[in-house]
Amino acid sequence: MIGEQTPLPASDGHGAPLLPVQEATEGTQSTVSFTMKSILTLQNFYVLLGPFFTLVICLFVKLEPPNSQKMLGVAAWVFTWWITQAVPLPVTSLCPLFLFPIFGIASADSVAHSYMNDLVTLILGSFILALAVERYNVHRRLALNVTLLFCTDPLNPALLLLGLCATIFLVSMWMLNVPTAVMMMSVAMGMLQRLPPMEEQSEEMRKFCKAVILTVVYATPIGGMSTLTGTGVNLIISGMWNLFPEGKAISFNTWFFFGFPAALLILICFWCIICLLYLPKGTSRTLSSYLGKVHLRRDLQDLGPTTFAEKMVMSISGLLIILWMTRRITDDIPGWGVLFHGLVGDGCVSVMVAVLLFIIPNMKREGEKLMSWNDCKKLPWNLVLLLGAGFAIADGVQSSGLADVLSGILNCLQDIPHTVIVPAVCVICSIITEFISSNAATVTLLVPLLYQIAITMHVHPLMLIIPGGIATEFAFWLPTSTPSNALGIASGHIEIKDMLKVGVPLKVAGIVVLSLLMPSLGTIVFEINNDTQQLIFF
């Protein structure tokens, strides 16, 4: 019965030891020990580190105006959590929503506006379209068709890799890097499955496998550099630039006219590097019996004829690209956007086209549309929140007066020769990004600083922001730097030494390309005036 106690049995005439009590004590000690171990972790230390830095700055760092001191403290908190990943990246990105009002930097309403603007809608609309491409296997059909163009008889491995480079480059131009890497890795692995098992492969075959995987790993971020929607880094650069006093909106085609030639040159450099390092003589003879046009055509036939849904997704994608490219061509040649008095942005177009996917039927099942809301569960809300946090911080740096404080601190940079500043910025940014696992977080941290450096040196800010921002995408060395790098290592075909062997010369090539193109092509595309251009060259 409830409330009754069962007497403890005796043993050899002696009272039984209080084992239950002892076990309870041990259990309590174990619980306490477990609790202390769970509290005293490196992760919890990182959690406390952010507020600690804020407290130190607010107590001991004296800046004028007072809001600049608070802004520095908040930025230290957010950046510490971003870098250490004390809490998930999207959760850290929510912090400005309560930190800014609490510290009196900005109202809750004004901070919330940073989390939903035209650039954020641009990424949402374009990602919905990317999900439609993935759903109907449009990317796989495109990959096989493009690769087939470069596949010759007899087999030329260098041309085959060039076809794979071109395919990944084209897909990554319109989709974010992570989904592109995942989808194209499946295409690459399907190609490699035709080869014998790894333990039975010759040296030439193993090197070719490495080359294919490295092509997916590196062609993905290179393709993403070419368009405004190719990666979140480009969107953050554009969005933050709009917040600065000199900022003028960077349209889709403006970015494309600079980003595409730069990315194409870097891709060619990569292809040359990969062919030199991983395609020894005799590779063609070794692979000819396993890879060729016959195999690619067979895979293409397995996909079946092009369906109505695929045709519509490709048509809508083409429509979106045309609308982006023609909304505003140049200042002298206005696009169709002038019909709406400049009120329509790239984000409006992106969302409008995405809505069509929920209206047009897919002709597979009655009443079923090309996309349903259930298909949108994979929308990149983490990137959306990161973009919003970046815009909020950039706006706070300007409105709090912290920008002026940073400008005064950086006055020592006035004596640095202008001819070396672009390469130096590219080198520094490309190295920093190796150790912060999010390129988007890296560029969010660096863009306000690059802006102040440029103002201090009397250089147009875009001369540093564009190459420095793009250089944060040169995370080519470590498997932890980007998800596509980790995906390559997980394939089992490459090791860290392979990434270093290709990543080091590729990073150098990227820095050289940006250092040459920004003072030449960049000044024309971004309409940087002649006085600033002379400062860069002389």
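Asp346 and Arg327 form a salt bridge, with their closest N and O atoms 2.8 Å apart. The pair links distant parts of the chain: Asp346 belongs to helix α17, while Arg327 sits in the loop between α16 (308-326) and α17, 19 residues apart. Both partners are shielded from solvent by the criterion used here, under 20% relative accessible area. Asp346 is buried at 4%. Arg327 is also buried, at 15%. These values, like those that follow, derive from a predicted model.

The count of salt bridges comes to 10. A second pair joins Arg135 to Asp375, again with an N to O distance of 2.8 Å. This contact spans 240 residues of the chain. Arg135 is part of helix α7 (residues 118-135), and Asp375 lies in the loop between α17 (346-356) and α18. Arg135 is partly exposed, with a relative accessibility of 35%. Asp375 is likewise partly exposed, at 24%.

Arg365 pairs with Glu368 in a further salt bridge, where the closest N and O atoms are 3.3 Å apart. Arg365 is exposed, at 56% relative accessibility. Shared partners bring Arg135, Arg365, Glu368 and Asp375 together in one salt-bridge network. The network therefore includes the exposed Arg365 as well as the partly exposed Arg135 and Asp375.

Cysteine pairing was examined next. The structure holds 0 disulfides. A disulfide requires two cysteine sulfur atoms within 2.5 Å. For Cys272, the closest cysteine sulfur is that of Cys269, 6.6 Å away, which is too far for a bond. Cys272 is partly exposed, with a relative accessible area of 35%. Cys58 is partly exposed as well, at 25%.

Helix α22 (462-471) is largely enclosed by the rest of the structure, because 10 of its 10 residues are buried. The buried residues of α22 begin with Leu462, Met463 and Leu464 and continue through Ile465 and Ile466. Pro467, Gly468, Gly469, Ile470 and Ala471 of α22 are buried too. The loop that leads from α21 (439-456) to α22 contains His458. Unlike the residues of α22, which are buried, His458 is exposed, with a relative accessible area of 55%. The backbone of His458 has a positive phi, near 60°, in a residue other than glycine.

Glu527 also has a positive phi, about 55°, although it is not a glycine. Glu527 lies in the loop between α24 and α25 (530-537). Its relative accessible area is 42%, so Glu527 counts as partly exposed. A further backbone feature occurs at Pro65. The peptide bond from Glu64 to Pro65 is cis, with omega near 0°. Pro65 is placed in the loop between α2 (42-60) and α3 (66-84).

The surface carries a nonpolar patch of about 500 Å². Ile496, Leu500, Val504, Val508, Val512 and Leu516 make up this patch. One of them, Val512, lies in helix α24 (residues 496-525). Val512 is partly exposed, at 42% relative accessibility. That value exceeds the 30% relative accessible area needed for a patch residue.

The largest pocket holds about 610 Å³ of space. Its lining is made of 26 residues. Val178, Asn382, Leu383, Ser438 and Pro483 are the lining residues nearest the centre of the pocket. Several helices contribute to the wall. α4 (89-93), α10 (177-192) and α12 (232-243) each supply at least two lining residues. The same holds for α18 (381-399), α21 and α23 (483-490). Helix α21 thus takes part in the lining of the largest pocket, and the loop that contains His458 runs between α21 and α22.

Conventions. Residues numbered from 1 in each chain as written. Predicted model: local features only at pLDDT ≥ 70, side-chain atom pairs only at ≥ 80, totals over all residues. Heavy atoms only, no water. Buried < 20%, exposed > 50% of the residue type's maximum accessible area, 1.4 Å probe, protein only. Patch = residues over 30% accessible without salt bridge, like charges linked within 9 Å, V, L, I, M, F, W, Y side chains within 5 Å. Areas by Shrake-Rupley, 256 points an atom, 1.4 Å probe, with all protein chains shown as cover. Salt bridge = Lys/Arg side-chain N within 4 Å of Asp/Glu carboxyl O. Helix = DSSP H or I, 4+ residues; strand = E, 2+ residues; numbered from the N terminus. 1 Å grid on protein atoms, 1.4 Å probe; cavity = no way out; pocket = protein on both sides within 12 Å on 5 of 7 lines; lining within 4 Å. Points joined across faces, edges and corners; volume = space filled by probe spheres on them.
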